[in-house]
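Good morning, and thank you for making time for this presentation. Please have the sequence and the structure open while I speak.

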Amino acid sequence: MNKQVRRRARRRRRMLLLLLCLVAAGLFSAAAFWGRSALPTEGPLSPSPTPSPTAEPTPTPEPQPVTTTLNVSATGDNLIHDVLFNQAKRRAGGNGYDFEALYEHVEDFYKDYDINWINQETLVNDVYEPSNYPAFSTPGDMGRHLYDMGFRVFSLSNNHTYDKGAGGIDATREFWGSMPEDCLTVGLVEQDTPESMAVFQEVNGVTIAYLSYTEHTNGIPTPSAANAHVVYTSQTDLIQQQVEYARQKADFVIVGLHWGVEDSHTTTDAQRALAQNIADWGADVIVGTHPHVVQDMEWRTAADGRQVLVAYSLGNFVSGQSASDNLLGAIMTFSLHKTEYPDGRVETSVDNAKAWPIVTHYGWGHSEETCYFFSDYTPELASQHGVQKYSQFSYDYARQVFVNNISPEFLQMETEE
């Protein structure tokens with residue numbers, strides 16, 4: 001019994017030992033397997049890469065409105081009497097006419113403007129001999145000098161347009177037609193159609209239409225043989241058609257009106273009524289000439305709400321006249337703005353309107369005539385003015401004429417630096 005018991009005990013110990021060996025071998029194999037799978041199969045251990053951030057797209061800029069601004073000047077009656085062209089002839093020494101001294105004190109002013117408009121009161125040509133009132137003819141050298149100063153738009157519709165009959169009309173058209181292509185004239189037309197009357201100019205992408213009319217031609221009817229003619233301010237149906245046509249074709253419409261009472265600073269009911277009508281029909285700026293003295297400026301509201309600039313009379317630019325107030329004029333300046341929007345809309349406006357007083361000065365016997373800005377004029381010069389032989393004149397008198405007849409909103413007694 002003891003032997004059997006001992007044998008069974010030995011078998012149990014061997015089985016337990018075998019079991020322990022099997023368990024140990026299993027644990028070792030598991031540890032080896034899991035250890036291998038935790039390590040990289042090749043290469044060193046490295047962290048996982050961080051993904052790069054996605055770049056934000058660059059936003060497309062929103063289209064913005066674009067505004068174009070043009071600065072414009074308008075000058076009154078360039079009235080060339082015999083004293084002016086005779087002085088120019090003497091200065092030229094037998095070689096044409098030299099008008100430099102007449103304009104030398106004001107000419108640099110025009111270089112700062114994109115457009116310079118002027119009422120050319122007398123017929124300019126190289127055909128007729130120079131002549132004085134009542135039937136004017138002016139040497140072509142004067143017109144060429146104005147062009148060199150920067151003038152590009154010449155209004156020819158006034159009471160002296162028919163002074164030399166059909167021949168004078170042909171001669172002045174021939175002269176202006178010989179000038180460079182950018183030199184424009186307005187007011188003498190071959191036909192009364194809107195297409196014939198309006199003159200168009202494009203500057204920096206802005207289109208301006210010009211029209212000019214006169215109240216009368218000193219009782220001289222349109223010459224029967226004339227190849228061109230003026231339109232009178234009494235022809236309101238025709239003017240309406242022409243202004244409305246220009247409004248459709250241009251960004252801005254500038255109308256010259258030769259009207260009013262000579263030597264009067266007072267605007268008439270007829271002037272104001274016509275100004276309102278032309279504003280309603282589509283004008284943006286109305287430039288008045290003819291009275292030979294200054295009249296006021298104002299803003300008028302057109303039927304469509306636009307603010308329309310009106311200068312009733314700019315007076316004379318230069319002349320050989322012998323009354324104090326005829327020697328005191330003004331140059332008007334203003335700005336035109338055209339704004340184009342991305343959706344195709346276009347808006348226009350006029351602002352920055354100013355009147356710059358000028359004085360035509362001469363010595364005794366109308367000697368050495370020249371033009372000054374009042375801001376450059378002096379009491380000493382005024383005391384030497386030859387007009388005192390014919391009319392009351394002084395520095396203070398001149399200042400008072402400007403202050404009394406041009407609204408403070410526009411009057412610029414000092415030139416800009």
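I shall begin with the chain as a whole, then turn to strand 9, the enclosed and open spaces, and one loop residue.

Please keep in mind throughout that this is a predicted model. The chain contains 10 helices and 16 strands. Of its 417 residues, 50% are buried. The accessible surface amounts to about 20400 Å², and carbon and sulfur atoms account for 51% of that area. As for how the chain contacts itself, consider the contacts between residues at least 6 apart in sequence: 72% of them join residues at least 24 apart.

Let me now turn to strand 9, which covers residues 252–258. How many of its seven residues are buried? The count is seven of seven, so the strand is mostly covered under the criterion of less than 20% relative accessible area. In general, the side chains of a regular strand alternate between the two faces of the sheet. In strand 9, Phe252, Ile254, Gly256 and His258 point one way. Val253, Val255 and Leu257 point the other way, and the residues of both sets are all buried.

Which strand pairs with strand 9 in the parallel sense? It is strand 8, residues 206–214, and the pairing runs over seven bridges. For one specific position, Leu211 has Val255 of strand 9 as its bridge partner.

Next, the enclosed spaces. As a general point, rolling a probe the size of a water molecule over the atoms shows where empty space is left. In this structure there are two cavities of 30 Å³ or more.

The largest cavity holds about 50 Å³ of space. Its lining includes Gln120, Glu121, Thr122 and Leu123, together with Leu156, Asn158, His160, Thr161, Thr172 and Leu188. By class, that lining has three nonpolar, six polar and one charged residues.

The second largest cavity holds about 30 Å³. It brings us back to strand 9, since Gly256, Leu257 and His258 are among its lining residues. Also in the lining are Ser212 and Tyr213, as well as Trp117, Asn119, Ser155, Ser157 and Thr289. The elements that give two or more residues to this lining are strand 2 (115–120), strand 8 and strand 9. Strand 9 gives the most, with three residues. How does this lining divide by class? There are three nonpolar and seven polar residues, and no charged ones.

I move on to an open space, the second largest pocket, whose volume is about 290 Å³. It is lined by 19 residues, and those nearest its centre are Arg173, Trp176, Thr185, Leu188 and Val199. Two elements give two or more residues to the lining, namely helix 5 (165–177) and helix 6 (194–197). Helix 5 gives the most, with four residues. By class, the pocket lining has 10 nonpolar, five polar and four charged residues. Leu188 deserves a second look, for this residue lines the largest cavity and is also listed among the residues nearest the centre of the second largest pocket.

Finally, I draw your attention to Glu62, in the loop between helix 1 (2–38) and strand 1 (66–78). Is this residue buried or exposed? Glu62 counts as exposed because its relative accessibility is 61%, and the threshold for that class is over 50%. The C-alpha atom of Glu62 is separated by 9.2 Å from that of Pro342, although the two residues are 280 apart along the chain.

Note on methods. Residues numbered from 1 in each chain as written. Predicted model: local features only at pLDDT ≥ 70, side-chain atom pairs only at ≥ 80, totals over all residues. Heavy atoms only, no water. Buried < 20%, exposed > 50% of the residue type's maximum accessible area, 1.4 Å probe, protein only. Contact = heavy atoms within 4.5 Å. Areas by Shrake-Rupley, 256 points an atom, 1.4 Å probe, with all protein chains shown as cover. 1 Å grid on protein atoms, 1.4 Å probe; cavity = no way out; pocket = protein on both sides within 12 Å on 5 of 7 lines; lining within 4 Å. Points joined across faces, edges and corners; volume = space filled by probe spheres on them. Nonpolar A, V, L, I, M, F, W, Y, C, P; charged D, E, K, R; others polar. Pairing = 2+ DSSP bridges.
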